[in-house]
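Let's take a friendly walk through a protein by following its cysteines. Please have a look at the chain before reading on.

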Amino acid sequence: MPSRKAHEPIASGSMDRTSHCPNCFQSPAPNPVCNHCGFDTRTYVHDASLLAPFTGLDERLYRVGRVLGRPGGFGVVYAGWQTRIGKPVAIKEFFPSTFNPLARRDGHDSLSVFPLDPDAFARWKERFLEEAQLLARLDHPGIVQAHDVLEENRTAYLVMERLAGQTLGDFLGGLRQTSGGLVLERRLPAEQALPLLLSALDGLAYLHRRPEPEGPVLHLDLTPNNLFLQRDPISKSPDPGRVKLLDFGLARKGARTAGSATMGAGVGHPHFMPPEQADPRRQHPVTAAADCYTLGATLYTALSALAPPPAEARRSGAPLADLRSRVPDLDPGVAGVLMDCLRLEADQRPRDATDLQARLAALTRMPPPPPPQPASIPRTESPQDEQESPSLLDAALRALEEREGSTRGRPASSDLDDEAERPRHETRRRKKGPLALILAVAIVAGGWSLWAAFFPASDEEPLSPLPDPEPPAEPQAELVVRSNVDEDTWYLDGRLIGPTSPEPHAAEAGRRRIRIEKPGFFDYETQVDLAPGERLRIRANLVPAPEMLEITGGCFQMGSAPDETGRLEDEHRHPICVQDFLLGRYEVTTGEFGRFVEATGYLTDAERNADDLQGCLADYDREKRWTSWRASTDANWRNASPYPYDRNRHPVACVSWYDAQAYIAWLNAQGAGGYRLPTEAEWEYAARAGTRGARYWGDAVDAKACRYANLPDQAHGWRLGFPCDDGFEWSAPVGRFRTNDWGLADMLGNVWEWTCSVYDKRYGGAENRCADATDAGRRSLRGSSWFNAEPDLVRSALRGSNRPGYRYADIGFRLARDPLQVDQ
């Protein structure tokens, strides 16, 4: 892209963090709160991997400010400033560095982006530029507007309008993953659902109605983080009735037919994607009905504070609670339409936004003035129906006028005849008496029962108010609480109930908090809204917590002695100290990793062929025959061994360092958090368990080794291996062998283990700290594996390393944790 001519920055040359606010770009700088916008520097922590505030783009035509958000994991949005005209903007940078990271910052240049997977990065960057071109052609008040697009720093930038307000997700406290599912901190009031839905549909219908060849445009990512609630100009609060659609990174022009394997298949949030979009094989067409599913899932989440299960989990039997039972104060018609949006079969949903608008409009048609008997409270009419049917307020005011006319000697029929001849909008402007207005409002608030009380069937009946009957006692609700484990304990609103069981438990109607506990598992917590007389079944899936051992910190000699057999040059012995920490008794198993994948829909680097590597490096071919190590698309975390094995007990392998970090991020969302990989120093300190020799069971190369580890043994063809039989050719179930003196299993052998440290051949201090995720340096590996061909390569001091995106059939990981997090 050709660059612009040099611009003379207007009052921007001296703009920096010491003189200006990184949020509104006004002077003076916050100290610590900005006098203009209220931005508080004490609550903002800058990510060093992102552009520093006041970085210039396009020869300083634009300045970058604080981070506003990271939509979708493929980009980051900054506050921005157009220096020539002094206008606030938002600047979206293509920087896919979170889950499934494709890039990092170049360590030699804080601005440039370095692709970790050049091919994938180029494809997604092209997609990013397509988003910019698409937005530039869209002109609707319900869609964020694009102003400019730039290419520099080896990446691309989209300049957009800066909006005032909050995303729906932030408005409701933010999405977070718990053992009970994906939840929001608080829920949207039921009365705000219809205004929000209609406002979002306004922009979405514009997309779906775009003419060919461009249209229809499918958004495909209408999550709570992509619905922006603009600030009300009077109250200054986010208004659910003024929605803008954000983030068109997954948007597509036209429907996609079955079998068209478009880039991005399966990309999106699993809790909000319909099954046809989540399916990477594209067995069914993706149409505008997919947007109806995603929007329905977002409203379901906002109203109930709990996201629906992923579509694939629902296909496998995971239940979806009816919104009418979860949110009893929601209009049942609206709830029914939203549940239709969440049908798994696309042809059973609204076909597009216009169809969804029509279904909602049908709910707002009002009946004529009611008969004088109690009935249900009518729904409020929508603005588009105002000219088609009289509202209850109109009917009340007419009836009041009729009664007033009769008391003044005017026949009611003449008044009605005049009304019939007069245009309706004139009727609305007629002056009403104070009593009429008061009674009309009371009727609207009280419904049909108040209508019957004020206007009895016969004029001879008295108008005196009727005594209020005693309200009937509300029936109690019932809870049936079960979990996937035995010997658990559950609590209702903090009160101990006992083990979960199939027997119903009586509970008062209203919002109730449920917690299920079992030692060794993360607590399950959820909130439910119980309607009177409702029986609600809760099936909790408790996630096992890793078994962690407390390791008391101390100092030790790291590295190998000069005379240790097999010593390598990077094992320089030096004193080092570590603090108290916790370490997993076992390596993370395939079953544990599988629960993460099932809950999130995550694709590992091997499954995505990331980092210029097809699949995983394995030592067997497609026919499961022994071969030399080579990249195989048939190998991934699900089948890192050629033979069937117990997924629940064998260590996970074929996972990259990034895959391990993604698992840890999910795990931290289940409980108190604080899990991480161990540093290289922590790993060796724990592996030695106070010993100073080559291996924690001794220096001798004898049969004793097969009692402590799964390693290269002569019984399985390793000619130079240990003279024994450990019972396994590939990986072994974790914990099958004796532990070291501190109770840690498989610290040597089985699979190599990623550490959080960057590999430094000279031991310059990196061994005692965790690397930043954006550092592309090689990561240290420890522990050897079943593959290492000879005893010299199975030692406590032996070091390995590899690129963080690489994966082998004998590389896994073990968890560490800080003790402070446990106390919290």
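Here we follow the cysteine pairs and then two cysteines without a partner. Keep in mind that this is a predicted model.

A search of the whole structure turns up four disulfides. Counting bonded cysteines along the chain, they pair as 1-2, 3-4, 5-6, 7-8.

Let's begin with Cys555 and Cys577, whose sulfur atoms sit 1.8 Å apart in a disulfide. This pair links distant parts of the chain, with Cys555 in strand 24 and Cys577 in strand 25, 22 residues apart. The link is right-handed, with 95° about the S-S bond. Cys555 is exposed because its relative accessibility is 57%, whereas Cys577, at 40%, is partly exposed.

Further along, Cys706 is joined to Cys724, S to S 1.9 Å. Both cysteines lie in the loop between helix 18 and strand 30, 18 residues apart. Cys706 is buried at 8% relative accessible area, and Cys724 is buried at 13%.

What is the handedness of the disulfide of Cys756 and Cys770? The torsion about its S-S bond is about -70°, so this disulfide is left-handed. Cys756 belongs to strand 30 and Cys770 to the loop between strand 30 and strand 31, so the disulfide ties together parts 14 residues apart in sequence. Cys756 is buried, at 3%, but Cys770 is partly exposed, at 37%.

Now for cysteines without a bond. Why does Cys292 not bond with Cys341? The sulfur of Cys341 is the closest cysteine sulfur to that of Cys292, but at 5.4 Å it is too far for a bond, because a disulfide needs the sulfur atoms within 2.5 Å. Cys292 is buried, with 0% relative accessible area.

Methods
Residues are numbered from 1 along each chain as its sequence is written. This is a predicted model: local features need pLDDT of at least 70, side-chain atom pairs count only at pLDDT 80 or more; totals for chains, interfaces and linings use all residues. Side-chain values use heavy atoms; hydrogens and water are left out. Helices (H or I, at least four residues) and strands (E, at least two) are DSSP runs, numbered from the N terminus. Buried means under 20% relative accessible area, exposed over 50%, partly exposed in between (1.4 Å probe, protein chains only).
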